[in-house]
Amino acid sequence: MQTLVIVSHPDVDNSSTQQFLQQGAHLVQAKWHYLDKLETYNVVQERQLLLNSQRIIFQFPLYWYTSPASLAKWLAQVLSTKFLDNLEDKELGLAVSTGLPAKDFQAGGKIGYHLDQILTPYQALAQQAKMIFLPIFAIYQFSYLSEIERLQLLMDYQRYLSQTKLDSLKNRSDWYLNYFQHQQLTQNQTTQLIQDTFRQTTQELDNLQTTLKLIKQDEDDTLE
Amino acid sequence: MNNSKNQWLLEQIQQQLHTEPQYEKRAFWQGLKTVVEQQQDRIQQLQAEIDGHLWNHEQW
């Protein structure tokens, strides 16, 4: 699956958040497309980028409850009502960083609105284009994250860009199994054993879910 | 899955996390550790739920 990350940020080279995320995009071979370095947009080329991608991510820091100006300018120049027909069934996601903590983005919080509400225009765009809107990937206060939280973020971001199925424990597990096989992890006896054991636990989880489903099915049949 | 196997898996992942020099690979081990912990919680919950159904006297 080809993923396109459209980055809108006035100074990406000095953004530790964007530099960090770029590593993640690179690891899963997503295409990184930085808008602010372009003076003008070649509409044909920009549209071709969209057509070549199955998952499209708008990525930006939240500026006054919306994206920086470059994304608004890009949308105005590149999209048209007719062109939207070509985006049907593609996925649209938002990777948004904020300088405030998650607790501020809720009713009663400092901002008072959730990111889902603030970023509604992008959901409307996806709906008009008949695209599949993905849950927003929010990064709150990157500079305050601990080392472990950053390591976890790097993986969650890679999954956001590349996990083909909806998020669930089963699909997450499958994604990690796949990662074992496709990334250049150190291969030795121990890592092979870890991989095999992890595959077993994933299978065990699957078996238990199937068993429970069968028991419930049996109970439903008994009640009929 | 028995508890000692669970424990072994988490210990091995933790070891990789501490010894891996490359950042993106350490990230992988951290992410895998989280998923394994979630799996273990879910497996225990499912086993308990299955036990609950099997010991439901109304079904005897």
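These exercises work through a predicted model with chains A and B. Residues count from 1 along each chain as its sequence is written, chains are lettered from A and ligands numbered from 1 in the order written, and side-chain values use heavy atoms, without hydrogens or water. Local features need pLDDT of at least 70, side-chain atom pairs count only at pLDDT 80 or more, and totals for chains, interfaces and linings use all residues.

**Exercise 1. Describe the overall build of chain A.**

Step 1. Count the elements. Chain A has 8 helices and 6 strands. Both are DSSP runs numbered from the N terminus: helices are H or I with at least four residues, strands are E with at least two.

Step 2. Read the order. Along the sequence, the pattern is β-α-β-α-β-α-β-α-α-β-β-α-α-α.

Step 3. Take the extent. The C-alpha trace of chain A spans about 60 × 50 × 40 Å along its principal axes.

Step 4. Check burial. Of the 224 residues in chain A, 49% are buried. Buried means under 20% relative accessible area, exposed means over 50%, and partly exposed lies in between (1.4 Å probe, protein chains only).

**Exercise 2. Place strand 1 of chain A in its surroundings.**

Step 1. Look at enclosure. Strand 1 covers residues 3-7, and 5 of the 5 are buried, so the strand is largely enclosed by the rest of the structure.

Step 2. Split the faces. In a regular strand, side chains alternate between the two faces of the sheet. Here A:Thr3, A:Val5 and A:Val7 are buried on one side, and A:Leu4 and A:Ile6 on the other.

Step 3. Find the partners. Two strands pair if DSSP finds at least two bridges between them. Strand 1 of chain A pairs with strand 3 (residues 55-61) of chain A in the parallel sense over 5 bridges. Within that pairing, A:Val7 is bridged to A:Gln59. Strand 1 of chain A also runs parallel to strand 2 (residues 31-34) of chain A, with 4 bridges. There, A:Ile6 has A:His33 as its bridge partner.

Step 4. Trace the connection. From strand 1, chain A passes through helix 1 (residues 16-27) to strand 2, in a right-handed β-α-β crossover. Right-handed means that, with the strands pointing away from the viewer, the path from the first strand over the helix to the second runs clockwise.

**Exercise 3. Inspect three loop residues of chain A.**

Step 1. Recall the background. Most residues other than glycine have a negative phi.

Step 2. Take A:Trp64. Its phi is near 45°, a positive value. A:Trp64 sits in the loop between strand 3 and helix 3 (69-78) of chain A. A:Trp64 is exposed, with a relative accessible area of 77%.

Step 3. Take A:Asp89. Its phi is also positive, near 70°. The loop here joins helix 3 and strand 4 (91-98) of chain A.

Step 4. Take A:Thr40. This residue lies in the loop between strand 2 and helix 2 (43-51) of chain A. A:Thr40 is exposed at 62% relative accessible area. Its C-alpha is 9.6 Å from that of A:Lys73, 33 residues away in sequence.

**Exercise 4. Set chain B against a compact globule.**

Step 1. Count the elements. Chain B has 2 helices and 0 strands.

Step 2. Apply the rule. Over C-alpha atoms, the globule rule is 2.2 Å times the number of residues to the power 0.38. For 60 residues a compact globule would have a radius of gyration near 10 Å, but chain B has 17 Å.

Step 3. Check the box. The C-alpha atoms of chain B fill roughly 55 × 20 × 10 Å along the principal axes.

Step 4. Add burial. Of the 60 residues of chain B, 43% are buried.
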